[in-house]
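Please open the model in your viewer and keep the selection panel at hand. The stops below go from one selection to the next, with a word on what is there.

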Amino acid sequence: MLYFDANAMIGAHFGPREGKFFTATDLLEEMDFFGIDEALVYHGLAREYDFVLGNQQLMVDIAKLPRLHPCWVVGFHYGRTMPPPKALLEDALQNGVKAVRLFFGSHLSHSMVLDLVSHQELFRELEKHRFPTIVEFEDSTQLLAEHILQLDKVLEAFSSLPIILSAPKVWTELKLLYPRMAKHPQLYMEISGLHGNGVMEDLVKNFGAQRLIFGTRFPWFSGGQVKIALAYSNISPEEKEAIAGGNLSKLIRGVQR
Amino acid sequence: MSSHAILQKCLNGERLSDVFIVDIHAHLDFWKDSFRIKVDIESIVADMNTIGIDVVCLNKWNCPDIKSANEDVAGVMKKYPDKVVGFAATAFSLGWEDTRKELERCFDDLGFRGIKVHEGYDRVYLRDHVDLPEYKKAVEAVWEFAAERKCPALCHGLLTPEVAKSYPEAVFILAHAGGSRAEAWKYADCKNVYFDTASSLTLRGNIEYLVKLVGVERILFGTDQPYANPAYRLGQVVSARLDDEQLKKILGENAARILHIR
């Protein structure tokens with residue numbers, strides 16, 4: 001069974017141990033220890049400081065490491081913080097980038113706000129290429145409500161864009177996502193935050209295993225805990241295989257140049 | 001077994017039939033925000049069987065009154081005498097005399113072995129009221145009882161290092177301690193304080209940090225089921241870079257010692 005981690009980060013970052021720098025070698029050691037085959041990786045510098053510098057550093061750090069696949073952190077391009085979306089996507093495709101990641105609601109990660117008008121151009125380009133788009137929301141319940149309402153608009157406007165919600169963890173977020181999962185087949189959920197009892201099985205029952213994506217949240221969380229939760233879950237081996245890596249591989253294969 | 005045989009079995013989803021496992025922190029109810037997918041004792045026992053958890057320490061506190069909650073726990077203790085250990089829930093608004101009487105009833109008549117202390121019982125957060133004389137006396141009655149019986153008191157809030165040092169005969173368990181290095185650090189030199197791992201915030205490296213800080217003998221496996229997925233919580237512990245002998249202590253041997261079972 002292929003285990004493909006959709007949520008791993010390398011580089012400098014805030015917490016859990018401030019200043020600790022996790023390298024690609026650290027990540028590979030963790031993957032070997034827990035039997036994880038491949039990972040989509042983003043760089044802490046891109047999340048917490050500068051998109052372009054961080055994404056460039058990522059490409060240097062994981063060059064010649066075929067088990068690690070680049071995932072660029074992207075966001076607003078206004079104020080020249082990023083290249084315009086069309087140029088960005090051309091660059092990403094040329095560099096073999098497999099997915100992009102957007103963080104919303106955290107001052108640690110560019111204080112991004114999910115807003116259809118501001119991101120319309122970016123989402124249009126991403127949809128054109130069917131580019132897997134990983135979205136992570138900060139935990140604050142009040143912000144969540146705003147973000148989810150905006151997410152509805154994005155899902156409506158770009159119905160062919162595969163969106164993976166990264167690590168939904170608080171109960172409110174999960175409850176809000178149920179009706180969205182039911183309504184939008186292009187919406188996927190990454191499972192590293194699903195510590196609620198029976199939630200994985202319930203999601204599979206309601207939406208099918210093809211909508212769930214394996215992820216670890218390295219380096220904050222161990223590579224083993226989600227793999228173990230999946231191993232013990234009361235779903236079929238085929239469903240586990242799809243969640244472990246099949247679904248993410250399929251989304252990556254679906255990128256249109 | 002090899003030094004990481006427990007981890008390998010868990011990664012394969014195999015039942016840990018050759019490791020004695022005690023879940024020190026579990027409930028017979030649900031958290032107000034949590035899903036209600038698995039909340040009954042049969043679901044809890046089914047999960048225990050899947051994973052290989054031998055004993056679960058249960059308490060119940062979300063209910064109209066604390067006495068009937070404790071009786072519900074006593075009911076499942078009767079049904080599963082080898083699997084369930086009761087932890088008596090406390091409600092300080094009963095007043096100190098009735099708080100003590102309820103603990104006596106739970107231990108002497110119903111066979112409980114531990115106490116669950118939560119700052120949120122009675123629908124008020126006691127940390128805001130704990131200095132009121134009537135509450136203070138009731139809370140102290142619990143500490144005194146724990147010291148007299150030398151029984152574990154699983155504490156979510158209300159415990160302080162000063163309290164732990166004032167009642168050296170009692171065994172205190174700091175709930176959710178695996179999730180907070182700073183909180184654990186405050187209790188490092190309180191030899192009668194143990195640390196449970198039941199936390200969604202147990203970051204990579206936290207268990208190893210606790211082991212270095214207080215030693216492996218003072219760490220207890222807990223899940224917070226049925227709110228939390230016990231397999232996920234097991235994964236947090238067995239993924240720590242520890243050998244199997246250390247993991248066995250955390251998973252069950254330490255709890256067996258303080259509960260006087262096995």
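At about what angle does helix H3 of chain B run to strand S3 of chain B? Keep in mind that this is a predicted model, and select residues 66-79 of chain B, which make up H3(B), together with residues 84-89, which make up S3(B). The helix lies across S2 and S3 of chain B, and the angle it makes to S3(B) is about 175 degrees.

**The sheet of chain B**

Stay with chain B and show its strands, where you will find an open sheet of eight strands in the order S1-S2-S3-S4-S5-S6-S7-S8, with parallel pairing. At the edges are S1(B), residues 22-27, and S8(B), residues 219-220, each of which pairs on one side only. Add residues 55-59, strand S2 of chain B, and you have the partner with which S1(B) pairs in the parallel sense over four bridges. To see one place along this pair, pick B:Val22, which stands opposite B:Val55 in S2(B).

**Two helices of chain B**

Next select residues 96-109 and residues 133-149 of chain B, helices H4 and H5, whose axes come within 8 Å and cross at roughly 30 degrees. Angles under 35 degrees count as roughly parallel, and H4(B) and H5(B) are therefore roughly parallel to each other; their crossing is right-handed. Showing side chains here brings up the residues that meet, including B:Trp96, B:Leu103 and B:Phe107 from H4(B), and B:Ala141, B:Val142 and B:Phe145 from H5(B).

**Unusual backbone in chain B**

Most residues other than glycine have a negative phi, and most peptide bonds are trans. With that in mind, go to B:His176, which has a positive phi of about 65 degrees although it is not a glycine, and which sits in the loop between strand S6 (171-174) and helix H7 (181-186) of chain B. Then go to B:His260, in the segment after helix H10 (244-259) of chain B, where phi is again positive, near 60 degrees. Which of these histidines is buried and which is exposed? B:His176 is buried, with 20 other C-beta atoms within 10 Å, whereas B:His260 is exposed, with 10 other C-beta atoms within 10 Å.

One further selection in this chain is the peptide bond from B:Gln225 to B:Pro226, which is cis with omega near 5 degrees; B:Pro226 belongs to the loop between S8 and helix H9 (230-238) of chain B.

**Over to chain A**

In chain A, begin with the strands once more: eight of them form an open sheet in the order S1-S2-S3-S4-S5-S6-S7-S8, and the pairing is parallel. Strand S1 (4-10) and S8 of chain A stand at the edges with a single partner strand each, so one side of each is left without a neighbour in the sheet. Within the sheet, select residues 133-137 and 163-165, strands S5 and S6 of chain A, which pair in the parallel sense over three bridges, and note that A:Thr133 has A:Ile163 as its bridge partner in S6(A).

Now select residues 85-94 of chain A, helix H4, where A:Leu88, A:Leu89 and A:Ala92 are buried. Seen down the axis of H4(A), the buried residues fall within an arc of 95 degrees, so they line one face of the helix. These buried residues pack against strand S3 (68-73), strand S4 (99-104) and helix H5 (116-128) of chain A, while the face turned away from them carries the exposed residues A:Ala87 and A:Gln94. Following H4(A) is A:Gly96, with a positive phi near 75 degrees.

**From helix H9 of chain A to the interface**

Select A:Phe218 and A:Pro219, which are joined by a cis peptide bond with omega of about 10 degrees; A:Pro219 is in the loop between strand S8 (212-213) and helix H9 (223-232) of chain A. Adding residues 24-34, helix H1 of chain A, shows H1(A) packing with H9(A) at an angle of about 30 degrees, with their axes 9 Å apart. The contact is made by A:Glu30, A:Met31 and A:Phe34 of H1(A) and A:Gly223, A:Gly224 and A:Lys227 of H9(A).

Finally, display both chains: 22 residues of chain A are in contact with 27 residues of chain B. On the side of chain A that touches chain B, H9(A) gives the most, with eight residues.

Definitions and conventions
Residues numbered from 1 in each chain as written. Chains lettered and ligands numbered in written order. Predicted model: local features only at pLDDT ≥ 70, side-chain atom pairs only at ≥ 80, totals over all residues. Pairing = 2+ DSSP bridges. Contact = placed C-beta atoms within 7 Å. Axes fitted to C-alpha atoms, helices over the stretch in contact; angles between N-to-C directions. Buried ≥ 20, exposed ≤ 12 C-beta atoms within 10 Å, placed from the backbone. Arc of directions from axis to C-beta. Parallel < 35°, antiparallel > 145°, perpendicular 65-115°, else oblique. Left-handed = near helix turned anticlockwise from the far one by under 90°.
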